[in-house]
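This report describes the architecture of one protein model for a reader at the bench. Please consult the sequence and the structure shown below while reading.

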Amino acid sequence: MRNLEWKATMKYNFDAKINRQGTNSLKWEFTHSQSILHPWEQTEQCFEENPILPMWVADMDFACPRPVIEALHERVEQGVFGYTVPSESYYDAVVQWMKRRHQWDIRPEWICTTPGVVPAIYMLVRTFVAPGEKVLIQPPVYHPFFGAIKYNKAELVTNPLVYDNKSYRMNFKDLEEKAKDPKVKMAILCSPHNPVGRVWSEEELRRFGEICLNNNVLVVSDEIHGDLIYPGHQFIPFTSIDDDFAKNTIVCTAPSKTFNLAGLQVSNLIIANEQIYMPFDLTLRSNGLHFLNTFGVTALEAAYNAGEEWLNQVIKYIEGNFLYLEKYISQHIPLIDVIKPEGTYLVWLDCRELEMNQWELKELMLENAKIYTDNGFIFGAEGEGFERLNIACPRSILVEALKRMKAAIDQLK
Ligand SMILES: Cc1ncc(COP(=O)(O)O)c(C=O)c1O
């Protein structure tokens with residue numbers, strides 16, 4: 001790869017609005033009803049015509065780091081897009097990133113490439129949990145976890161988070177009870193947690209890990225948001241805490257949330273235990289999924305090797321968005337409580353004081369405010385009355401969305 005270093009110091013303009021129409025963007029050009037996606041033309045960038053602002057699915061409206069774009073250009077120019085196998089430099093980029101960013105030492109042979117974290121979690125459940133056995137999750141939580149359990153004919157066990165004073169914590173007493181059930185074979189940890197934005201402390205992770213270990217519950221730690229952490233908080237990779245946790249865990253990582261590369265479908269599982277690695281690898285192969293997307297490989301290397309400055313800048317920008325939102329809502333929409341995220345660009349809003357059922361709330365956001373949010377109930381029953389707002393967008397879009405939210409809520413009076 002060419003020398004990309006000079007670009008690592010450039011200043012990015014996250015205020016720029018990028019027209020995503022005509023790119024088959026899930027966020028901007030599709031909607032879903034009953035889990036089926038439909039093309040949709042109601043979103044637009046020009047506010048005047050009052051189209052809907054999409055603030056839902058977790059991708060950013062920002063261009064990815066310049067070194068990634070340059071590397072992809074170079075790859076495209078070469079013109080041949082045959083099957084691609086990650087080389088040593090790919091594994092090295094992942095190892096170095098984890099070391100530099102998280103002081104986490106991993107070995108190249110622990111890395112198992114997958115075409116996305118969601119398909120990986122589906123296959124992990126299929127590999128390690130027989131139909132009728134149980135998987136534990138902590139709702140309100142990332143909704144595909146429910147699908148991974150259901151579609152693999154496993155049974156769902158919930159260990160709901162406790163919501164207290166605008167913050168969430170784990171319920172360890174309940175976890176201990178539920179983990180004792182010998183049918184519970186797997187627990188999926190969302191770390192940092194989507195949608196509530198918690199960055200779990202070492203003590204919380206340790207207690208979670210010990211309970212799982214003591215009860216022979218295999219841990220899947222989904223750490224896809226682990227690079228998006230606000231100042232003042234520290235993300236701790238789950239298996240970096242204890243070698244015994246590492247032997248009992250599959251960690252899911254990816255550059256996709258971090259650098260806005262979701263469409264390139266590249267992710268890495270970190271599996272330090274060969275007894276876990278081998279059966280999962282067999283599942284991957286039995287599904288014919290052992291190759292990666294050519295562009296994903298190029299983008300990952302460029303992002304991990306030269307994207308850090310962009311990441312630092314984007315976190316600052318998103319933090320600025322959050323501070324704007326927090327102040328605006330406390331001044332103008334006091335019926336909504338903002339749960340302060342410690343990580344992720346997703347903001348969890350407690351709208352229960354509006355005293356609306358989930359359908360009324362959905363209608364309020366989409367039809368009245370004309371903002372496409374993720375409705376809290378999709379994250380489990382514990383999410384009813386909440387809304388998830390994606391704030392990884394130019395400030396002007398956020399400003400407009402909040403104005404609309406206020407106007408729609410004012411009209412209720
Ligand atoms: C917790 C979590 N895991 C996984 C994903 C998606 O992973 P992928 O796009 O690699 O399938 C998301 C996307 O929002 C997420 O929030």
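In which helix is A299 found? A299 is found in helix 11, residues 294–306; helices (H or I, at least four residues) and strands (E, at least two) are DSSP runs, numbered from the N terminus. The model is predicted: local features need pLDDT of at least 70, side-chain atom pairs count only at pLDDT 80 or more, and totals for chains, interfaces and linings use all residues. Residues are numbered from 1 along each chain as its sequence is written.

**The nonpolar core**

A299 counts as buried, with 27 C-beta neighbours inside 10 Å. A residue is buried if 20 or more other C-beta atoms lie within 10 Å of its own, exposed if 12 or fewer, and partly exposed in between, with C-beta atoms placed from the backbone. Leaving aside neighbours within four places in sequence, A299 is in contact with V68, A71, L72, L261, L264 and V266; two residues are in contact if their C-beta atoms, placed from the backbone, lie within 7 Å. One of these partners, L72, is 227 residues from A299 in sequence, yet the two C-alpha atoms are 6.6 Å apart in space.

The largest nonpolar core has 119 residues, and those with the most contacts inside it are I121, V125, M186, I188 and A299. Such a core is a set of buried Ala, Val, Leu, Ile, Met, Phe, Trp, Tyr and Cys residues joined through C-beta atoms within 7 Å. At least three residues of this core come from each of domain 1 and domain 2. I188 touches I121, V135, I137, F145, V220 and D222, not counting residues up to four places away in sequence.

**Two domains and their contact**

The protein chain is divided into domain 1 (19–60 + 308–410) and domain 2 (69–306), with bounds that come from an automatic or database domain assignment. Their C-alpha centres lie 25 Å apart. Across the boundary, 23 residues of domain 1 are in contact with 28 residues of domain 2. On the domain 1 side, the elements that give two or more residues are helix 12 (308–332), strand 13 (337–339), strand 14 (346–350) and strand 17. Helix 12 gives the most, with 3 residues. By class, this side has 12 nonpolar, 5 polar and 6 charged residues; Ala, Val, Leu, Ile, Met, Phe, Trp, Tyr, Cys and Pro count as nonpolar, Asp, Glu, Lys and Arg as charged, and the others, Gly among them, as polar.

**The ligand shell**

Of the 13 residues around the ligand, A58, G116, V117, V118 and Y142 come nearest. A residue is near a molecule if its C-beta atom, placed from the backbone, lies within 6 Å of it. The shell has 8 nonpolar, 4 polar and 1 charged residues.

**Helix 13 and its surroundings**

In helix 13 (residues 358–368), L361, L364 and M365 are buried. Seen down the axis of helix 13, the buried residues fall within an arc of 85°, so they line one face of the helix; the arc is that of the directions from the helix axis to the C-beta atoms. W359, E360 and E367 are exposed on the other side of helix 13. The buried residues of helix 13 pack against strand 15 (371–372), strand 16 (374–375), strand 17 (386–390) and helix 14 (395–410).

Just after helix 13, K370 takes a positive phi of about 60°. K370 and P51 are 319 residues apart in sequence and 6.8 Å apart in space, C-alpha to C-alpha. P51 is placed in the loop between strand 2 (36–39) and strand 3 (53–54) and is partly exposed, with 14 other C-beta atoms within 10 Å.

**Backbone exceptions**

Most residues other than glycine have a negative phi, and most peptide bonds are trans. Two residues with a positive phi are set out below.

| Residue | Phi | Loop | Other C-beta atoms within 10 Å |
|---|---|---|---|
| N216 | about 55° | between helix 7 and strand 10 (218–222) | 11, exposed |
| T344 | about 75° | between strand 13 and strand 14 | 29, buried |

Cis peptide bonds also occur in this model. One joins P139 and P140, with omega about 0°, and P140 is found in the loop between strand 5 (134–137) and helix 5 (144–150). The peptide bond from N194 to P195 is cis too, with omega near 15°; P195 lies in the loop between strand 9 (184–190) and helix 7 (202–214).
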